Amino acid sequence: MSRADRARAGAYGAAACAAAYGSMKLAQALGAEALADKDPLPPHLRERLLARDPLFVASHWILAAAAVVGVIVALATVRPWGAAVPRRPLLTIAWTLGIFMIVRSIGGVGFGFVGDGLLLSGLRTAPAEHAALARELARWDLLLWSPFFLLWGLCWTTAGWRLSRQAPPQKAAQGRRRRGTSGQLNDGQPLT
């Protein structure tokens, strides 16, 4: 697979991950548990989540809508209709989401490979009253959520990298208009 194809695959991968995540959040908003019991939250927040607290239900709707926007943004980096969208916001969104998700997967925000590894190895202690639950959630995070966010983040950064390497659509169109098929400018002057 060529470098350009891998870069395009990153954008489609980001869209697919956003669709999968959004589908899960939509299912949770509609009442399904859909991995809600595997969410690595502190126990008091986990209880509210599983009890379908209105705040959590609203957050699921918001995250499902954000995932739809994520699919659109990811596709805008590779589809022709995306040329109508300003590049700077697309680049900012792609790089910001990519970096945030990679940091989350590694463990920069408390979860991730590092945090889960520390907890499961015993180097970081869990609250005694919730130690078994903390270890179970750390295993789920280590095997499911962290790899998912790492993949998603890599896809976003690949999409951002591809977009930053592309010539802006206006410049490419101007270049095509300036050159005729005979190597002359459209006004008949030879190219220099």
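Here are some short exercises on the structure above, a predicted model, each with a worked solution.

**Exercise 1: Confidence**

Work out which helix of the protein has the highest mean pLDDT and which has the lowest, and decide how to treat the weak part.

*Solution.* Start with the overall picture: the mean pLDDT of the protein is 87, with 85% of its residues at 70 or more. Next, go through the elements. Helix α3 (residues 54-76) comes out on top with a mean of 97, while helix α7 (residues 169-178) sits at the bottom with 51. Then zoom in on residues 172-176, where pLDDT falls below 50. Apart from near neighbours in sequence, that stretch makes zero contacts in the model. So go easy here: where pLDDT is low, the predicted coordinates should not be read in detail.

**Exercise 2: The overall build**

Find how many helices and how many strands the protein has, and how the elements run from the N terminus.

*Solution.* Count the elements: there are seven helices and zero strands. Reading from the N terminus, that gives α-α-α-α-α-α-α. Now look at the contacts with a separation of 6 or more: 66% of them join residues 24 or more positions apart. Last, check burial: of the 192 residues, 33% count as buried.

**Exercise 3: How α1 meets α6**

Describe the crossing of helix α1 (residues 3-29) with helix α6 (residues 131-165), and say what sort of residues line the contact.

*Solution.* Take the geometry to begin with. The two axes come within 7 Å and cross at roughly 135 degrees. That angle is neither over 145, as roughly antiparallel would need, nor within 65 to 115, as roughly perpendicular would need, so α1 is oblique to α6. As for handedness, α1 passes α6 in a left-handed crossing.

Now the residues. On the α1 side, those involved include Arg 3, Ala 7, Ala 14, Cys 17, Tyr 21 and Met 24. On the α6 side, Trp 145, Phe 148, Phe 149, Trp 152, Trp 156 and Arg 162 are among them. Sort the whole contact by type and you get 16 nonpolar, three polar and four charged residues.

**Exercise 4: An aspartate in α6**

Is Asp 141 buried or exposed, and which residues is it in contact with beyond its sequence neighbours?

*Solution.* Place the residue: Asp 141 lies in helix α6. Its relative accessibility is 0%, and buried means under 20%, so Asp 141 counts as buried. For its partners, set aside the neighbours within four places in sequence. What's left is Pro 40, Arg 104, Phe 111, Gly 112, Asp 116, Ser 146 and Pro 147.

**Exercise 5: A pair far apart in sequence**

Find how far apart Phe 100 and Gly 153 are, in sequence and in space.

*Solution.* Phe 100 belongs to helix α4 (residues 87-106). In sequence, Phe 100 and Gly 153 are 53 residues apart; in space, C-alpha to C-alpha, the gap is 7.3 Å. Phe 100 has a relative accessible area of 48%, which makes it partly exposed.

**Exercise 6: Positive phi in the loops**

Explain what stands out about the phi angles of Leu 35 and Arg 52, and say where these residues sit.

*Solution.* Recall the background: most residues other than glycine have a negative phi. Leu 35, not a glycine, has a positive phi of about 70 degrees. Arg 52 isn't a glycine either, and its phi is positive at about 60 degrees. Now locate them. Leu 35 is in the loop between α1 and α2 (43-50), and Arg 52 is in the loop between α2 and α3. Finally, accessibility: Leu 35 is partly exposed at 34%, and Arg 52 is partly exposed at 35%.

Technical notes: Residues numbered from 1 in each chain as written. Predicted model: local features only at pLDDT ≥ 70, side-chain atom pairs only at ≥ 80, totals over all residues. Heavy atoms only, no water. pLDDT = per-residue confidence, 0-100. Helix = DSSP H or I, 4+ residues; strand = E, 2+ residues; numbered from the N terminus. Contact = heavy atoms within 4.5 Å. Axes fitted to C-alpha atoms, helices over the stretch in contact; angles between N-to-C directions. Parallel < 35°, antiparallel > 145°, perpendicular 65-115°, else oblique. Left-handed = near helix turned anticlockwise from the far one by under 90°. Nonpolar A, V, L, I, M, F, W, Y, C, P; charged D, E, K, R; others polar. Buried < 20%, exposed > 50% of the residue type's maximum accessible area, 1.4 Å probe, protein only.
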